[in-house]
Amino acid sequence: MRIGLQIPSFKYPGGAAAIRPTLKEVVTTAEEAGFYSLWVMDHYYQIKGLFGEAHTDPMLEAYTTLGYFAGLTEKAYLGVLVTGVIYRHPSVLMKMVNTLDVLSGGRAYLGIGAAWYEEEARGYGIPYPSTVERFEQLEDTLKLAKALWAGDETSFAGKHFSAPAITNNPRPLSQPHPHLMIGGTGPNKTLRMVAQYADACNIGDWVGKENMQNALDMLKKHCDTLGRDYATVEKTCLGTVHLSGKDTVDSVLRRLEELSGMGFSHAIFNMPDVFQITPLQTFAKEIIPAAAGL
């Protein structure tokens, strides 16, 4: 079982001036601890209630932040969990992902989804189309990514986006291309697109074990229908661990055993107390080595 770290909060003691040094310590410690991947959210508002925060609490732009992470690390994979398809023109997004991959030495994921935070989009003046249109935009972006990564230049025309002469220079270093991950559990659209286009899925553990298993079962059905080998899809999940709160090393290891039994191979956690560094050290000593055997 691989272990990833999501960093969704930037509300640290010391305010804005403390964000850069705190992130540096968190990221370099996580790299040394053996975390397989590092992730940030794609939001401009903070999520209300996350770790008790308000929507006006600190939030950094995702891809700029990952560029900083790329310069601090050499091994951990880097990604946005997950990019909201409505926030950037797909051609620009692809240039950003390719840039991240090149500057990280081939360690980029393109995590993407249909977006959901309507209040955030409205507040920033970003168009927030219907659910149907957002999923059509998502599929356009997935098709564009596949077409672009297949060569040095492509012409693309989808339902909502076009790129008459988009280039792929410099090409990403990842082979055959950056990992493409889709987040969500929608049975008819999201999981079908995972089977059709993606290298990985991401399922939040807040939906509950039964729904997580149902999502994996539905993903397998879509893979069977499309002739895709289900085993080639990386199954990732996202959850929260609070080692200063109700969680213990033993409870985390039990969770990882359950996830492994369901078929997950990459567990990503966020931690309310990560800036204290001690939780990362506990993962390094007691959790990541044990998880490697699952």
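1. In this predicted model, lysine 11 and aspartate 57 form a salt bridge, with 3.5 Å between the closest N and O atoms. Lysine 11 belongs to the loop between β1 (2-6) and α1 (19-33), and aspartate 57 to the loop between β2 (37-40) and α2 (62-72), so the pair ties together parts that are 46 residues apart in sequence.

2. The two partners of this bridge fall into separate accessibility classes. Lysine 11 has a relative accessibility of 43% and therefore counts as partly exposed. Aspartate 57 has a value of 17%, and because buried means under 20%, aspartate 57 counts as buried.

3. A further salt bridge links glutamate 61 to arginine 88, the closest N and O atoms being 2.8 Å apart. Glutamate 61 is placed in the loop between β2 and α2, whereas arginine 88 is placed in the loop between β4 (83-84) and α3 (90-103); the pair therefore ties together parts that are 27 residues apart in sequence.

4. As to accessibility, glutamate 61 counts as partly exposed at 25%. Arginine 88 is buried, its relative accessible area being 11%.

5. The third pair to note lies within a helix. Lysine 220 and aspartate 224 meet through their side chains in a salt bridge, at 3.3 Å from N to O. Both residues belong to helix α7, and because they are four residues apart, about one helical turn separates them. In general, an α-helix has 3.6 residues a turn, so residues three or four places apart point the same way. Lysine 220 is partly exposed, with a relative accessible area of 38%.

6. Shared partners also deserve mention. Asp42, Glu61 and Arg88 are joined into one network by salt bridges that have partners in common. For the structure as a whole, the search returns 13 salt bridges, among them the Lys11 and Asp57 pair, the Glu61 and Arg88 pair and the Lys220 and Asp224 pair.

7. A separate remark concerns helix α6, which spans residues 190-197 and is mostly covered, six of its eight residues being buried. Those buried residues are Thr190, Leu191, Met193, Val194, Ala195 and Tyr197.

8. Which elements do the buried residues of α6 pack against? They pack against two helices, α5 (131-149) and α7 (209-226), and two strands, β8 (179-183) and β9 (200-204). Helix α7 is thus a packing partner of α6 and also carries the bridge between lysine 220 and aspartate 224.

Key. Residues are numbered from 1 along each chain as its sequence is written. This is a predicted model: local features need pLDDT of at least 70, side-chain atom pairs count only at pLDDT 80 or more; totals for chains, interfaces and linings use all residues. Side-chain values use heavy atoms; hydrogens and water are left out. Buried means under 20% relative accessible area, exposed over 50%, partly exposed in between (1.4 Å probe, protein chains only). Contact means heavy atoms within 4.5 Å. A salt bridge is a side-chain nitrogen of Lys or Arg within 4 Å of a carboxyl oxygen of Asp or Glu.
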